[in-house]
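Student: I've got a structure to go through today. Can we take it piece by piece?
Tutor: Sure, let's bring it up.

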Amino acid sequence: MIGTGYVGLVTAACFADLGNTVFCVDKNKEKIDMLNKKKIPIFEPGLEELVKKNFIFGRLKFTTDLSLAIKSSDIIFICVGTPSRKKNKSADLQYVFKAANEIGKFIDKFKIIVTKSTVPVSTGDKIEKIISKKKSRKMFEVVSNPEFLREGEAIRDFRFPDRIIVGSNKKKITKKLQSLYEPLIKKGAVFFSTNRRGAELIKYASNAFLATKISFINEIANLCEKTGINIEDVSLGMGLDKRIGSRFLRAGPAYGGSCFPKDTRAITKTADLYKTDLSIIKSVIKSNAKRKIILIDRIKKILSNKLKNKKVAILGVTFKPNTDDMRESSSLLIIPFLDKRGAKITYYDPSGEKKHFYNLRNVSFCKNVREACKNSDLVIIHTEWDEFKTIDFKKISRSKKLKIYDMRNLYSPEKMKNLGFSYYSIGR
Ligand SMILES: NC(=O)c1ccc[n+]([C@@H]2O[C@H](COP(=O)([O-])OP(=O)(O)OC[C@H]3O[C@@H](n4cnc5c(N)ncnc54)[C@H](O)[C@@H]3O)[C@@H](O)[C@H]2O)c1
């Protein structure tokens, strides 16, 4: 497994748990040292136990020595990051190509090289070219096997995936991958194979479609707020149609995370390259950017545009619950904005303090909900961690003037009104 991040570490631990011997390689020595001391560098439910167990049994090994890992393996997974390029927002493939170069140096007998990183159409062709410069084509085969796990549910998603997609131009190689995944297929996972470029596109098209669903329902929520309709009813009513489905139809903040923002941008860049206009996805990207502004405007309105010295508590700053991942979270825009306007911000997140806010003068991290909300003028529920679902606001604040902005619709507007709070939510 080259790259021991959210995808690489989970995949490695899960494959090891199925009885395989897995070498995890990362160029980040600190990460590897931590793992060798049985410390987990990321927050992912259930991962610590799984890593420890398989490490102790000797099925999971952590190293910075790529040569050793490659020589000891039959199948090599590339799981490095593919962030947005700063300049033009296409996928930055430098880590993938570096990994490919290194693989080329060290392969000594036939290897299957699997791209698990999310990569644009034709990246597999480029990896093949890079390795061919160093080794004979007979020594390797490059396959696409995109990853669909969700942070926070990653282990469950590995064990019970909706589908396993393998893209290869060789039937024999597809069969090999199928046999690796056999324990999951036996439990009901659908194995779907196509050619390499097809698999690469399936991943981007899937993420772009899910991002579209979120943006769609967020825009409908805006209309609900103007028309006195409850967005929850609209989501339920729509979702009952099997052609639509209820998942990803919950209105809230802008979508964030390590995948949807960068992948929607990257697929439109790929399409531009092939002179195809993905106008719907381009609109989704714009809509999502606008969403963050809409939420900030709402906060301003709730505080009657008087933000200076207002005490604002933010509950949850990660882009979703059960992860410590901050990549492209709406909070990264909301908190600096409030700080700049002179509000005093206290925040609490179950995954801990975030380095992103260290340099902001008016922002401090609190150890729990109660501490964060003490003497607040406004409480913003930003991420739907379970522990935010049953807060006794009466205990937390004696002030009847407390305002609550629930960006995840966790509470009933009627009940909050009866308790005497000014309660605001999304599309209701
Ligand atoms: N995070 C998710 O939920 C998710 C889900 C599906 C797919 N993906 C895709 O999977 C890929 C990895 O995502 P992630 O979130 O795990 O990234 P990550 O940033 O958490 O991890 C990437 C790791 O790769 C290491 N690395 C980079 N270059 C290396 C090299 N040459 N040799 C060894 N190690 C190297 C980095 O040090 C880092 O630890 C991305 O393409 C992403 O789009 C992510």
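Student: Which helix does D263 lie in?
Tutor: D263 is in helix α12, which covers residues 260–273. Keep in mind that this is a predicted model.

Student: Is D263 buried or exposed?
Tutor: D263 is buried. Its relative accessibility is 0%, and the cut-off for buried is under 20%.

Student: What does D263 touch?
Tutor: Setting aside residues up to four places away in sequence, D263 touches T118, K203, Y204 and N207.

Student: Which side chain makes a polar contact with the one of D263?
Tutor: That is the side chain of N207. The two are joined by a polar contact of 2.8 Å.

Student: New topic: holes. How many cavities of 30 Å³ or more are there?
Tutor: A search of the whole structure gives 2. The largest has a volume of about 40 Å³. The second largest holds about 30 Å³ of space.

Student: Which residues line the second largest cavity?
Tutor: The lining is T115, S117, T118, V119, S144, P146, E200 and K203. You have met T118 and K203 already: D263 touches both.

Student: How does that lining divide into nonpolar, polar and charged?
Tutor: For the second largest cavity, 2 residues are nonpolar, 4 are polar and 2 are charged.

Student: And what lines the largest cavity?
Tutor: N222, E225, R291, I294, L295, R298, Y405 and I426. They divide into 4 nonpolar, 1 polar and 3 charged.

Student: Which helix gives the most to the lining of the largest cavity?
Tutor: α13, with 4 residues. This helix spans 279–302. Helix α10, at 196–227, also supplies at least two residues of that lining.

Student: Let's switch to strands. Where is β11, and which of its residues are buried?
Tutor: β11 covers residues 378–381. L378 and I380 are buried on one side, and V379 and I381 are buried on the other. Both faces of the strand are covered.

Student: Why do the side chains alternate between two faces?
Tutor: That is the general pattern: in a regular strand, side chains alternate between the two faces of the sheet.

Student: Which strands pair with β11, then?
Tutor: One is β8, residues 311–315. It runs parallel to β11, with 4 bridges between them. Another is β12, residues 403–406. That pairing is also parallel, over 4 bridges.

Student: What stands opposite V379?
Tutor: A313 stands opposite V379. V379 also stands opposite I404 in β12.

Student: Now a loop. Where is I40 found?
Tutor: I40 is in the loop between α2 (29–36) and α3 (47–56).

Student: Buried or exposed?
Tutor: Buried. I40 has a relative accessible area of 17%, and buried means under 20%.

Student: What is I40 in contact with?
Tutor: Leaving out neighbours within four places in sequence, the contacts of I40 are L9, M34, L35, L47, E48 and V51.

Student: One more loop. Where is S84?
Tutor: S84 is in the loop between β3 (75–78) and α5 (94–106).

Student: Which side chain makes a polar contact with the S84 side chain?
Tutor: The side chain of R265, at 2.9 Å. Leaving out neighbours within four places in sequence, S84 is in contact with K89, S90, D92, K262 and R265.

Notes. Residues numbered from 1 in each chain as written. Predicted model: local features only at pLDDT ≥ 70, side-chain atom pairs only at ≥ 80, totals over all residues. Heavy atoms only, no water. 1 Å grid on protein atoms, 1.4 Å probe; cavity = no way out; pocket = protein on both sides within 12 Å on 5 of 7 lines; lining within 4 Å. Points joined across faces, edges and corners; volume = space filled by probe spheres on them. Nonpolar A, V, L, I, M, F, W, Y, C, P; charged D, E, K, R; others polar. Buried < 20%, exposed > 50% of the residue type's maximum accessible area, 1.4 Å probe, protein only. Polar contact = N/O pair within 3.5 Å; in protein donor to acceptor, adjacent residues only side chain to side chain. Contact = heavy atoms within 4.5 Å. Pairing = 2+ DSSP bridges.
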